[in-house]
Structure formats: structure tokens, C-alpha cells
Amino acid sequence: MKIIYSEKEKLHRPEHEWSYGKLLPYAEKNTRAEIIKKGIIKDGMKNILMEANEYPLDYLKAVINPEMVDFVKSCEELEPKESVFPHVFPYRDFTPEFTEHPRINLKKAGYYCFDVGIEIDKDTFEAAKASTDVALTGAGLIINKQEKIVFSLCRPPGHHAGYSFFGGYCIFNNAAVAAHQLSMHYGPVAILDVDFHHGNGTQDIFYEQPNVLYVSLHGDPSQFYPFFSGFDDEKGEKLGRGTNINIPLPSGIGDYEYRENLKYAVKQIKKFHPQALVISIGFDTFEKDPIGEFKLTTAFYKEIALIAGEVGVPILAVLEGGYDIADLQKNGKSFIMGLKELE
Ligand code: Q9C
Ligand code: ZN
């Protein structure tokens with residue numbers, strides 16, 4: 001087993017996010033991945049840590065709109081105090097392709113941005129790219145058959161970012177970029193998303209793809225972010241029909257109810273016969289999380305790994321959300337202990 005990290009991930013550190021008309025401190029703290037990494041070192045497991053390799057941008061552009069990737073990169077030219085934090089969102093039926101509307105001021109209008117919970121500055125690209133490299137490095141170890149279990153400590157997270165949009169603290173979809181490589185070089189892939197929120201970005205990217213199954217357990221979108229996506233009748237389209245499974249859950253559920261639903265998810269995944277499993281792991285399902293509204297306990301994260309392990313294929317776990325900074329290290333450790341048992 002290996003745990004992948006990159007020091008560069010910390011570079012992206014917005015101060016604020018808008019939430020229901022209030023300007024709040026940015027909940028997605030830049031130390032999130034590092035906190036889990038420090039726990040590994042503290043527990044004497046330094047030997048399983050590995051620094052990420054760098055990959056060409058083509059790996060991202062295989063599943064992300066190349067123009068959006070280039071736009072985030074172009075933000076490296078912003079002034080030190082300048083940032084892209086739009087409050088205007090051009091509707092897509094007016095502006096279907098940016099190439100046809102190149103006059104749009106992308107740094108002012110939120111053309112690629114779908115919420116006001118994200119801010120891009122000159123350091124964002126480097127950190128977001130590093131986060132995707134952390135996921136790709138993990139996928140590489142599995143593709144080359146060097147490892148069967150890998151945990152990529154990605155941050156900023158990725159599952160809300162789609163082909164042509166970012167938001168929800170996510171810039172590039174780390175899990176999707178990695179899953180695409182696995183599906184090209186290893187075989188059909190299932191993505192099990194156990195973040196509190198629906199991964200609308202991951203769903204978007206693979207919605208018409210038959211070779212990547214997306215299964216997500218999340219807070220019911222009729223009540224919780226992202227509000228418009230994650231309903232159980234979203235099943236995939238065209239060749240991807242049947243390869244998208246959403247399991248919306250009510251607020252307040254604990255280990256018991258979650259376990260039943262997770263077992264059902266794993267049963268569906270097994271029927272797909274994937275060759276590899278990507279887990280989008282969010283710790284915002286934790287009982288004390290300030291954003292998520294489930295009541296999972298620390299001990300349950302080990303169980304999540306063990307239940308997912310029943311699929312019986314190599315696992316790439318990718319960090320998504322989890323905002324209770326005080327308990328993130330022990331929740332991360334619990335999950336890692338489960339992964340370790342799968343080796
Ligand atoms: N003031 C992930 O977990 N809205 N993203 C929260 C709270 C954004 C969560 C509002 C939630 C996005 C990766
Ligand atoms: Zn989340």
C-alpha cells in the first residue's frame with residue numbers, strides 16, 4: 001500500500017466563500033491533506049508515503065475541457081492580490097461554446113464556474129494540478145501493477161468539477177482523471193463516491209461512458225448541495241445508460257443505515273465486474289462535520305474501506321471533502337487502517 005501526497009497542494013488557499021448571502025471563512029482548509037499525512041508519520045508509517053510525479057496536461061485534457069484547463073492555467077498571470085470570484089454566470093444557451101464567444105471576460109464572468117464557493121488566484125492552478133498529479137500517481141502504481149491499494153491525498157478536492165465547470169471547492173476532477181487512465185490501461189472502472197455531497201462533476205464526465213460506473217451515496221439533493229443533481233432517476237445516457245447510480249439519503253443517518261446502503265452500492269458495483277475501484281472518500285459524513293449532515297463515527301471509516309474491499313479489485317482512494325479539521329487525522333487513520341487490512 002502507498003499513500004501519495006504533494007507539498008504543492010497547499011498553495012491554493014482562498015480566504016472566503018459565499019454561503020447564503022454571508023461571506024464565511026473558506027472551509028476547505030489548505031492543510032487538509034497534510035493533516036492526514038502527518039498522522040501517517042506520527043504513527044511510524046513514513047515508509048508508505050510517496051511524493052507525486054508530474055504528468056503532462058494531456059492527462060487532464062482527456063476528460064476535462066482543454067479550454068477550461070488553459071483558463072485556470074492562465075490565471076497564474078493574476079496579480080498577487082487579484083482573484084477570480086465571479087458573481088455573473090453566463091447562461092449556456094446564450095454562450096454554448098466559449099470559442100464562439102471569445103469576447104467574454106473569463107476573469108469576471110463565471111463562465112466555467114457554477115457556484116460562489118470557489119476562488120481562483122495565481123496559485124490555484126499549481127495546487128489543483130498537483131492534486132490531480134497525486135491521483136494520477138496513484139493510478140499509475142495500479143496500472144503498472146506495483147500496488148493493489150493506494151490512497152491519494154488530493155486537495156483541493158475534485159468531484160464537483162466536471163468537463164466544463166468547477167465549483168464546490170473543486171477545480172479539476174482528480175478521481176475522474178485517474179479513473180479515465182485506469183479505464184484505458186487496466187479495464188472497466190467503478191467509482192464509489194462516499195463524500196457527503198453528490199459528485200455532480202464525476203457524474204457529468206462519465207454520464208455517457210459505458211466503461212466507468214459511477215455510484216454515489218449522498219445527502220438528498222432536494223435538501224443538500226449541489227441541489228440540482230444527484231437524484232435517483234439520473235441513470236446515465238446513450239452508451240452509458242445504467243452506469244450511473246445515485247443513492248440519495250436523508251439527513252441525520254448513522255453507521256447502521258449507511259452500512260446497509262453501502263452494501264447495496266457494493267452489490268451493484270460487483271454486477272458491473274470492474275477491474276479497478278476508485279473511492280471518492282469524503283470525511284464530511286462525520287458526525288461532527290460542520291457542513292455534512294450524516295452522523296458517521298470515526299470507527300466506521302475503517303468499515304467503509306473493508307466493505308468496499310469486498311469488490312475484490314485494486315483500489316485507488318482519492319480524498320474529497322471533510323471539514324472537521326480537529327478529527328480529520330483520526331478519521332483518515334481509521335480509513336487507512338481498513339485499507340491496510342485489504343492488502
Ligand atoms: N457554508 C466537497 O465536499 N457549500 N464540497 C457549503 C457551507 C459547498 C462541498 C456551504 C459545499 C461543497 C468536495
Ligand atoms: Zn462533500
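In the predicted model, 15 residues surround ligand 1, and those that come nearest are S19, G168, H197, D284 and Y323. Sorted by class, this shell comprises 6 nonpolar, 6 polar and 3 charged residues.

Polar contacts to ligand 1 involve both side-chain and backbone atoms of the protein. D284, one of the nearest residues, places an N or O atom of its side chain 3.0 Å from an oxygen atom of the ligand. G168, also among the nearest residues, contributes through its backbone, a polar atom of which is 3.1 Å from a nitrogen atom of ligand 1. For H160, a polar side-chain atom is found 3.2 Å from a nitrogen atom of ligand 1. Considered alone, ligand 1 exposes 410 Å², and 88% of this area is buried by the protein. The space that ligand 1 takes up is the largest pocket.

With respect to the overall fold, the protein chain contains 9 helices and 10 strands. The C-alpha trace of the chain spans about 55 × 45 × 40 Å along its principal axes. The radius of gyration of the protein chain is 18 Å; because a compact globule of 343 residues would have a value near 20 Å, the chain agrees with that expectation.

Notes
Residues are numbered from 1 along each chain as its sequence is written. Chains are lettered from A and ligands numbered from 1 in the order in which they are written. This is a predicted model: local features need pLDDT of at least 70, side-chain atom pairs count only at pLDDT 80 or more; totals for chains, interfaces and linings use all residues. Side-chain values use heavy atoms; hydrogens and water are left out. A residue is near a molecule or strand if one of its heavy atoms lies within 4 Å of it. A polar contact is a pair of N or O atoms within 3.5 Å; within protein, one must be able to donate a hydrogen and the other to accept it, and residues adjacent in sequence count only if both atoms are side-chain atoms. Accessible areas come from the Shrake-Rupley method with a 1.4 Å probe; for residues, only the protein chains shown count as cover. On a 1 Å grid over the protein atoms alone, a cavity is a set of points where a 1.4 Å probe fits but cannot get out, and a pocket is an open set with protein on both sides within 12 Å along at least five of seven lines; lining residues have an atom within 4 Å of a point. A molecule sits in a cavity or pocket if more than half of its atoms lie within 2 Å of its grid points. Ala, Val, Leu, Ile, Met, Phe, Trp, Tyr, Cys and Pro count as nonpolar, Asp, Glu, Lys and Arg as charged, and the others, Gly among them, as polar. Helices (H or I, at least four residues) and strands (E, at least two) are DSSP runs, numbered from the N terminus. The radius of gyration is taken over C-alpha atoms; the globule rule is 2.2 Å times the number of residues to the power 0.38.
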